[in-house]
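Subject: Structure handover

Hello,

Here is the structure I promised to pass on. Please open it and keep it beside this email as you read.

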Amino acid sequence: MKTTTTKVFTVLLALALTFSLTNCTAVQNANNKQKGGVLGAAGGAVLGAIIGNNVGKGGNGELGAVIGGVVGGAAGVIIGNKMDKQAQKIENEVPGAEVERVDDAIVVTFEDGSGSGVHFATNKFNIDADSQNTLNKLIGVFKEYPDTNILVIGHTDSSGDDAYNMTLSKNRANAVTNYFTSNGVSAGRLTTNWYGETKPLHDNGTAAGRAKNRRVNVAIVPNEKMISDAEKEAQ
């Protein structure tokens with residue numbers, strides 16, 4: 001009886017989720033696996049969206065431990081619904097940013113020259129007024145949805161010295177993280193990583209490709225409280 005009830009509840013939740021989808025591009029691009037409706041390892045897909053196919057070492061946090069795995073069953077559908085709403089909110093509040101739903105996570109990409117509102121001057125890592133305005137909107141979403149952890153990752157293009165680019169990506173990622181914490185986001189929610197020029201997603205041989213590789217990614221993932229609450233609600 002309990003098994004049957006759980007299955008019925010899962011189906012009802014899945015139907016409710018289906019009919020609640022909006023125009024959010026991130027949500028439209030998400031399939032059942034991305035919404036958390038099935039079991040599986042989330043790490044590879046999320047990491048691929050952030051840094052490419054080859055996961056290397058960098059930064060001060062273990063990415064796999066931060067991202068974790070997909071939650072399945074009714075609890076997974078509940079989490080997926082919450083993350084869909086957050087993705088929609090970010091897309092509405094931060095125009096120009098690329099917002100993706102990947103497994104149970106939300107990946108936000110700010111590329112240089114993309115009009116996303118977060119950019120850095122050449123060889124600089126200070127956050128200017130326009131970037132502050134964009135990050136403030138993102139911080140508002142973080143505060144509205146507190147049961148998540150946040151991963152910030154910095155990248156550069158291939159111009160310049162390898163070691164210099166690694167330091168530059170570190171400084172830019174830390175600048176974003178520090179701005180979050182100085183504006184009320186708990187440091188316990190944040191992990192920061194940086195990869196310099198080692199994880200390009202675009203062709204460094206073109207100006208457009210280099211601009212896209214000069215990026216900061218923000219991944220938002222469910223924390224233990226969200227998962228625990230979802231599991232209780234699914235009972």
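Below are notes on the cores, the cavity and the salt bridges.

One point before the details: this is a predicted model.

**The cores**

Start with the largest nonpolar core, which has 37 residues. Which residues touch the most other members? They are Ile90 and Phe180. Seven elements are worth finding here, as each gives two or more residues to this core: the helices α5 (73–93), α6 (129–144), α7 (162–182) and α9 (224–234), and the strands β2 (105–111), β3 (148–154) and β5 (215–222). The most comes from α5, with seven residues.

Now click on Ile90. Leave aside its neighbours within four places in sequence. Ile90 is then in contact with Val99, Ile106, Val108, Leu138, Val141 and Ile220. Another core lies apart from the largest one. This other core has 15 residues, among them Ile50, Val66, Leu151 and Tyr195.

**The cavity**

Rolling a probe the size of a water molecule over the atoms shows where empty space is left. Here the structure holds one cavity of 30 Å³ or more. About 90 Å³ of space lies in the largest cavity. Its lining includes Phe110, Asp112, His119, Arg172 and Arg214. Two elements, β2 and β5, give two or more residues to that lining. By type, the lining residues are four nonpolar, two polar and five charged.

**The salt bridges**

Side chains of opposite charge can pair when their charged atoms come close. How many salt bridges does a search of the whole structure find? It finds eight.

Look at Asp112 and Arg214. Their closest N and O atoms are 2.7 Å apart, and they form a salt bridge. Asp112 sits in the loop between β2 and α6, and Arg214 in the loop between α8 (207–213) and β5, so this pair ties together parts that are 102 residues apart in sequence. Both residues also help to line the largest cavity. Asp112 is partly exposed, at 21% relative accessibility. Arg214 is partly exposed too, at 26%.

Asp229 and Lys225 also meet in a salt bridge, at 2.8 Å from N to O. They are four residues apart in helix α9, so about one helical turn separates them.

Glu93 and Lys89 make a salt bridge at 3.9 Å, N to O. These two lie four residues apart in helix α5, about one turn of the helix. Salt bridges that share partners join Lys89, Glu93 and Glu144 into one network.

Best wishes

Terms used:
Residues numbered from 1 in each chain as written. Predicted model: local features only at pLDDT ≥ 70, side-chain atom pairs only at ≥ 80, totals over all residues. Heavy atoms only, no water. Core = buried A, V, L, I, M, F, W, Y, C linked by side-chain atoms within 4.5 Å. Buried < 20%, exposed > 50% of the residue type's maximum accessible area, 1.4 Å probe, protein only. Contact = heavy atoms within 4.5 Å. 1 Å grid on protein atoms, 1.4 Å probe; cavity = no way out; pocket = protein on both sides within 12 Å on 5 of 7 lines; lining within 4 Å. Points joined across faces, edges and corners; volume = space filled by probe spheres on them. Nonpolar A, V, L, I, M, F, W, Y, C, P; charged D, E, K, R; others polar. Salt bridge = Lys/Arg side-chain N within 4 Å of Asp/Glu carboxyl O.
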